[in-house]
Every structure is written in structure tokens, then in C-alpha cells.
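Me: I would like to go through this structure with you slowly, one question at a time, so please explain each step before you give the result.

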Amino acid sequence: MAILKLLLSYLSIHPSPLRNPSTSLHLSQQAPAFLSSSESTKDTQETWLIYEQLLLSCLRTGDDNSARLCLQRLSDRFGVDSARVKALTGLYDEATSNSPGELESVLQRYQDILKEDPTNMPIEKRRISLLLSLGRTEDAIKALTSLLSHSPNDPESWAHLSSLYFTQGLYQQSVFCLEEVLLILPNAYNIFARIGEVTYISASAGVGSANQTEAFEEAIKYFARSVELSEWYLRGWYGLKLVTGKLIQAKPSDGKLGKTESLNQMATEKLLQIVNKFRRNEKGWTGFDEAEVLAAKDLIDRDEQKFSR
Amino acid sequence: MASKALISFSSLLLIHSCYSAHEHSLLMPTTTSLPLDVAIETIVSVVLLCFGIVLGNREELKPISWSVWSGLLEREKGCGQFGYLEERVGFLDIRAKRAEFAKWIKGAEVGSSSQRT
């Protein structure tokens, strides 16, 4: 059967192939077969989508020949001046450059393109990620804020800025950016959970126990919202269990504890279900990240020991 | 198969009822309402046609509730509707990804580590 169909169904099962090395490897192994098949000349939306995915995977796995061919065909079809193709070309150049000098020249080329067309978003994003990759985080943050000042409705950029601020330890700014994402996408449950995580981390790192309890309660609200929007969101349940556990530990007897305890219990039950079904390889439960499931199992075990003591 | 039969049968009924209505208006131009049997035939054919189309749907239906749907995506694919906000392909740091992959493949070759594809 057609390799096109095979690749499409693979991509529908693994919507983000760049997350795991193994999925990238699988995709890039299919690339030569696809590129030499007759179906690769079809001019449909799906084919070009596959070309882009194959290009990314091949670049990642180091199959530069296939990547070059993918890029060649994409630029033949859409023209070298298309913003997206320009960004992909830049990506290819970044990946295949061997010396810092070459990277600098790629960066210079980005700046030249941006001088001509200051609103070229894909190239601007490439420039920012290259700056980051070169270790110039401050410049990257500056460039990203200026990008967001002229196009403030791009959730991807807000999410990225948030993660940059987070790496710098600027938790408040990080949460602010995530809240901007929520203004654009009010259903983004993973962003809710992320706000909970950042709030929790900043409260744990900070001082002042009264503030800490408040921040924990705030984090619980965000985690609870995230699992309300997605009933099997592992990170949401994990955060909910972790933070409610800390609260229970912090003040053993209080009138408000009933609610926290029941939330904790609920999160434990859900996590247990996820862990058990994932371990038994049940159909429809295999999508979770293995490391995350292990961490959840660990958290449950630790909690049980504490209670039994 | 059943849906195709249902669709063709109900389409025939619909065409027939249209034809009857047309003939009726030609034969009796003074009356304003249709006879009851033609009206019933039209309604029944349309209802059957709707059923046929719904039955013939090949794609899997998505859950109506948002939380159930995103939960399903999370546990089946590990990536919901907003996974792109965490992956951020536009800001892909390809050099780091390449280095990570090179390291991973080396580890996989040394000890056949657990590969999940």
C-alpha cells in the first residue's frame, strides 16, 4: 500500500514526531522510500505537509541528503521567496553548519532578510532561536519582546518567551506570558498546568511561609482547572497531587483541609489508574510519556510510605 | 453497504415526492396545499436520507465534551490540541536536537535500550 498513506497514518498517531528521538528516526528512515516513490510528486496539501515533517526529522537524525532533497522540492513548488521556505532553508543551514563562523553568517543573513521585510515572522523566530542556541539569551529575549509588540496574538511566541523567562528565574514574568497565552486560547489546559507549575516552583524557591501557602492554593486552582479541561492530563494530576500533599503536610489541622484532602485523594486515584493502565499496555492508554508515568508512580509510592509511617 | 442502500432508496423517494408535487401543481393549479401523502413521503425520505448519511460516516466521531476529547488525545497520543505550545516548532533549536539525537542513538546502539515507537 501507498507509502503516503502509511506516513499520514503514522503522523496522525504521533502528532509531534520531534518529541521523541525514536519517532524522528522512524520518519527519517521512511524518507528515501517516499522521495523516490511516484506519490512524492502529487501536488496535494498532505504531500507538502509530509515533506515538511520529513525535512525536520531528517535534519534531526542527520540524514542531510534526504533533507536537502525535501527542501529542494519545497522551494521548487513554493518559491525560494516564500517566508516558510526561507525559514526552512535557514534551519537547514543552521543544522549543517560546522563552525561558529558559519552560524554567524546565517545569523547575518537572517538580519538582512529582516531589514528588507521586518514582519517576516518565521525568519524572526529563526533568528531568535539561533541567538538562543549561540547562548545570547538576553538578545533573544529582547528580540522576542519586540516581535510580540508588533504581533501580540501569536501564542507560540508568548509560550516561548515564558520559557525563556523561566530559565532566567523570572517567574512572575513567565506567568504573565502564560496568562497572555490563555487570553488567546482560554482552553489551553497544558498552559493552565504550566502556570500552576511555575507558581509552585517560585513559591518553593522563595521565602515567607504565609505567602507560600497562598501561592500553593493558587497553584492548586490552576492545576484543578487544567484537569477540568482535560480529564487524563497526567501533568495536571501530578501537580494537583504534589501541591495538595505539601499543603496537607504544612498544616495538619485546619477547617479548610477537607477539600484539599479530597482533591489529593482524587488525584491519587486518577494517577493510579493511569499508571496501572499504562503498565498493562492497555489499548488507548499508551500515549503517555514513560518518564512521566514513572515519576507519578514514584510520587504515589512516596506518599504511601509517609502515611504508613 | 446499508447506508448506501438507504441513501439511494431515500433519494428515489425524495425525487418521487418532488415529481408528485410538480404534477399535482400542474393538474390542480387552483389548490394551494399539497395532498397529505406527498407531504408525508417528502418528510420520510428526508429523515431516511439524513440517517443514511450519518450511518455512512467512515471517520470516527469525536467526543462532544471538550475534556473527554482532550483526555482521549492525551492518553492515546500523548499530545492534545495544544501540544504545539510546548513543542514550538517555529523556535526549533535544531542543533541541540541533533546533538540530543546523536547521543540517544549512541546509547541505543550500546545497550539495546527500550525503544518506544
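Me: Which residues of chain B does the UniProt annotation "signal peptide" cover?
Reply: This is a predicted model, and the annotation is taken from a record rather than from the atoms, namely from an unreviewed UniProt entry. In the model, the end C-alpha atoms of that span lie 29 Å apart, and the span is 95% helix and 0% strand. The residues of chain B that the annotation covers are 1-20.

Me: What is the helix percentage of the span in chain A that UniProt annotates as "domain: EMC2 TPR-like"?
Reply: According to the unreviewed UniProt entry, this annotation covers residues 100-189 of chain A. The end C-alpha atoms of residues 100-189 of chain A lie 39 Å apart, and with strand at 0%, the helix content of the span is 80%.

Me: How far apart do the C-alpha centres of domain 1 and domain 2 of chain A lie?
Reply: The domain assignment of chain A gives domain 1 as residues 1-76, domain 2 as residues 106-180 and domain 3 as residues 187-309. Taking the C-alpha centres of domain 1 and domain 2 of chain A, the distance between them is 28 Å.

Me: Which helix of chain A gives the most residues to the side that touches chain B?
Reply: The contact takes 47 residues from chain A and 34 residues from chain B. On the side of chain A, several helices each supply at least two residues, among them α2 (21-36), α3 (45-61), α7 (121-133) and α12 (209-229). By class, this side of chain A has 22 nonpolar, 16 polar and 9 charged residues. The helix that gives the most, with 6 residues, is α7(A).

Me: Is A:Asn281 buried or exposed?
Reply: A:Asn281 sits in the loop between α14 (257-279) and α15 (290-308) of chain A, and its phi is near 60°, a positive value in a residue other than glycine. For comparison, most residues other than glycine have a negative phi. Because A:Asn281 has 8 C-beta neighbours inside 10 Å, and a residue with 12 or fewer falls in that class, A:Asn281 counts as exposed.

Me: What is the exposure class of B:Arg88?
Reply: B:Arg88 is found in the loop between α4 (84-87) and α5 (94-110) of chain B, and the phi of B:Arg88 is near 50°, again a positive value in a residue other than glycine. Since a residue is buried with 20 or more other C-beta atoms within 10 Å and exposed with 12 or fewer, the 17 such atoms around B:Arg88 make this residue partly exposed.

Methods. Residues are numbered from 1 along each chain as its sequence is written. Chains are lettered from A and ligands numbered from 1 in the order in which they are written. This is a predicted model: local features need pLDDT of at least 70, side-chain atom pairs count only at pLDDT 80 or more; totals for chains, interfaces and linings use all residues. Helices (H or I, at least four residues) and strands (E, at least two) are DSSP runs, numbered from the N terminus. UniProt positions are given in the numbering used here, feature names are shortened, and annotations may be inferred rather than shown by experiment. Domain bounds come from an automatic or database domain assignment. Two residues are in contact if their C-beta atoms, placed from the backbone, lie within 7 Å. Ala, Val, Leu, Ile, Met, Phe, Trp, Tyr, Cys and Pro count as nonpolar, Asp, Glu, Lys and Arg as charged, and the others, Gly among them, as polar.
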